Structures are given as C-alpha cells and as structure tokens.
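Biologist: Could you take me through one part of this model up close, the helix packing, and tell me what sits around it? I'd like one connected story rather than a list.

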Amino acid sequence: NGVIDNHAAWECLCDCGNIKTVEGRYLVRGNTISCGCYRSEITVKRSCTHKMSGKRLYRIWADMTQRCKNPKMECFKYYGGKNIRGCKEWSSFDSFMTWALSNGYSDGLTIDRINNNGNYEPSNCQWITIKEQVRKQDRTIIVFVDGKEFSLSELEELSGIKHSTLYARVFQKRPVLYEQEMERLGVKGYRIKERNKNYGKQ
C-alpha cells in the first residue's frame, strides 16, 4: 500500500503471478484488471482461435511468452532483458499445455523457475503454491535491519507490512522501508542481500 501522484495505491497480485502497484481509483473503476498480461493475451488471442484462449493456463503461457519477448511489457527488463527465454518447444501453447497438465498443474498453482537465472523450459520449471513462492523468496532475500538478519516473513511480523508488499518493493528496487516506517520502528538503517547483490539505506 502506498501513494502514486497523491493517489492511494495498492500492491496487487495478478492471476499470472506478477505483482503490480496500481492506483486505487483505477481498481474501483475497473480500468486495471491485470498486470498487463491481459493486454498481451488479447494481442495473442486476436491471431488465435484456440479453444483454451480464455483459460488461466493460456494466460500464464501468453504472459510468460510476452515477458521474455516483448520489450513493451513493464517486467521485460527482469526476464527478456536479462536474457531469460522460453524454450522453442513451448512456442506452441499445445506443447506447453501438455507439459503443464502432465506435471501437476492446477488453478491454485503458479509456474516457477527452479533456477531463477535459467530459462522457461521443462527441466527448469515446476508448479508451486503461492505459499511455496513466499518461502522461496525468503530463501533468496535477506534484510539486515540495524545489523540483525530478517527473512521477509520475519520482517512482516516486525513491521506489520504485508509480505507481498515487501517483496514487490525489493523486486521493483524501491525502498523496503520508507523513512516514516523506519521512524515508527525506531530503525536507523537496513541492507538487503538478494542472491549476490547488496543494497539499502545505511
């Protein structure tokens, strides 16, 4: 939760698994219904008569494809911009659907790359729950607050800030704790360790 251009804003979890900050007025009006993947899905759907084109699994595939190939997508810099690709086999939705359905897909699961630096391909992907995604995030992100080590789940308990909000801030390279939050908690500084990266406010 926060503010964009003096308007209340919310961290939203899209059906495809992406997190996006959206102004509340756009949510109320119904102007924003996805992280951007829906527009990509519609673009793909215009050239497709596939009977699965309205299903969640199709949206996951379309979004996965677009974030690896389409520089106009907001999250492209974290995927295609880092040379993360979808395998040739999955350029066909039928192939992706066959793999998904034979490897445990259900509507409550999200696609996950086992090696976050690897591509979208059968040997590197699995279906996991949101809770498992949270635990995985906790293993890769550590926040040192005044020298004490916290996982994102532990920092949620300390600060009262939702885990999804903390993760979105880290993912989007925003302050994980804003000045007013640091003052409220009596915190002097923090440092984030994400894989082999270190940054923060000391």
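Modeller: Sure. The protein chain has 8 helices and 9 strands, and keep in mind that this is a predicted model. The chain runs to 202 residues, of which 43% count as buried. Taking the contacts with a separation of 6 or more, 42% of them come from residues 24 or more positions apart.

Let's start with helix 7, residues 163–171, and its partner helix 6, residues 152–159. Their axes are 9 Å apart and the packing angle is about 120°. An angle over 115 but not over 145 degrees falls outside the parallel, antiparallel and perpendicular classes, and helix 6 and helix 7 are therefore oblique to each other. As for handedness, helix 6 passes helix 7 in a right-handed crossing. On the helix 6 side, the contact is made by Leu 152, Ser 153, Leu 155, Glu 156 and Ser 159, while helix 7 puts in His 163, Leu 166 and Tyr 167. Sorted by class, this contact is a mix: 4 nonpolar, 3 polar and 1 charged residues.

Now look at helix 7 by itself. Of its 9 residues, 7 are buried, so helix 7 is largely enclosed by the rest of the structure. The buried ones are His 163, Thr 165, Leu 166, Tyr 167, Ala 168, Arg 169 and Val 170. The three helix 7 residues that meet helix 6, His 163, Leu 166 and Tyr 167, are on that buried list too.

What about the ends of helix 7? Ahead of helix 7, the loop that comes from helix 6 contains Gly 160. With a relative accessibility of 64%, Gly 160 counts as exposed, since the cut-off is over 50%. Gly 160 also has a partner from further along the chain: its C-alpha is 9.9 Å from that of Glu 181, and the two residues are 21 residues apart in sequence. After helix 7 comes Lys 173, with a positive phi near 60°.

Carry on along the chain and you reach Leu 177, in the loop between helix 7 and helix 8, residues 179–185. Is Leu 177 buried or exposed? At 1% relative accessibility, Leu 177 counts as buried. Leaving out residues up to four places away in sequence, Leu 177 touches Ile 161, Arg 169, Met 182, Leu 185 and Tyr 190. Arg 169 ties this back to helix 7, where Arg 169 is one of the buried residues. There is a longer-range pairing as well: Leu 177 and Val 145 have C-alpha atoms 9.8 Å apart, with their positions 32 residues apart in sequence.

Val 145 takes us to the loop next door. Strand 6 covers 141–145 and strand 7 covers 148–150, and Asp 146 is found in the loop between them. Asp 146 is not a glycine, yet its phi is positive, at about 50°. Its relative accessibility is 44%, which means Asp 146 counts as partly exposed.

For a contrast in chemistry, compare the packing of helix 3 and helix 4. Their axes come within 10 Å and cross at roughly 120°, so helix 3 and helix 4 are oblique to each other. Helix 3 passes helix 4 in a right-handed crossing. From helix 3, Leu 57, Tyr 58, Ile 60, Trp 61 and Met 64 meet Phe 93, Phe 96, Met 97, Ala 100 and Leu 101 of helix 4. By class, that contact has 10 nonpolar residues, no polar and no charged.

Helix 4, residues 93–101, has Phe 93, Phe 96, Met 97, Trp 99 and Ala 100 as its buried residues. These cover an arc of only 165° around the axis, which puts them on the same side of helix 4. Thr 98 and Leu 101 are exposed, on the face turned away from that buried side. The cover over the buried residues includes helix 3 (56–69), strand 4 (110–113) and strand 5 (125–128).

One last stop is the loop between helix 3 and helix 4, where Asn 83 has its place. Like Asp 146, Asn 83 is a non-glycine with a positive phi, here about 65°. At 55% relative accessibility, Asn 83 counts as exposed.

Terms used. Residues are numbered from 1 along each chain as its sequence is written. This is a predicted model: local features need pLDDT of at least 70, side-chain atom pairs count only at pLDDT 80 or more; totals for chains, interfaces and linings use all residues. Side-chain values use heavy atoms; hydrogens and water are left out. Axes are lines fitted to C-alpha atoms, for helices over the stretch in contact, and angles run from 0 to 180 degrees between N-to-C directions. Helices (H or I, at least four residues) and strands (E, at least two) are DSSP runs, numbered from the N terminus. Angles under 35 degrees count as roughly parallel, over 145 as roughly antiparallel, 65 to 115 as roughly perpendicular and the rest as oblique. A crossing is left-handed if the near helix is turned anticlockwise from the far one by less than a right angle, and right-handed if clockwise. Contact means heavy atoms within 4.5 Å. Ala, Val, Leu, Ile, Met, Phe, Trp, Tyr, Cys and Pro count as nonpolar, Asp, Glu, Lys and Arg as charged, and the others, Gly among them, as polar. Buried means under 20% relative accessible area, exposed over 50%, partly exposed in between (1.4 Å probe, protein chains only). The arc is that of the directions from the helix axis to the C-beta atoms.
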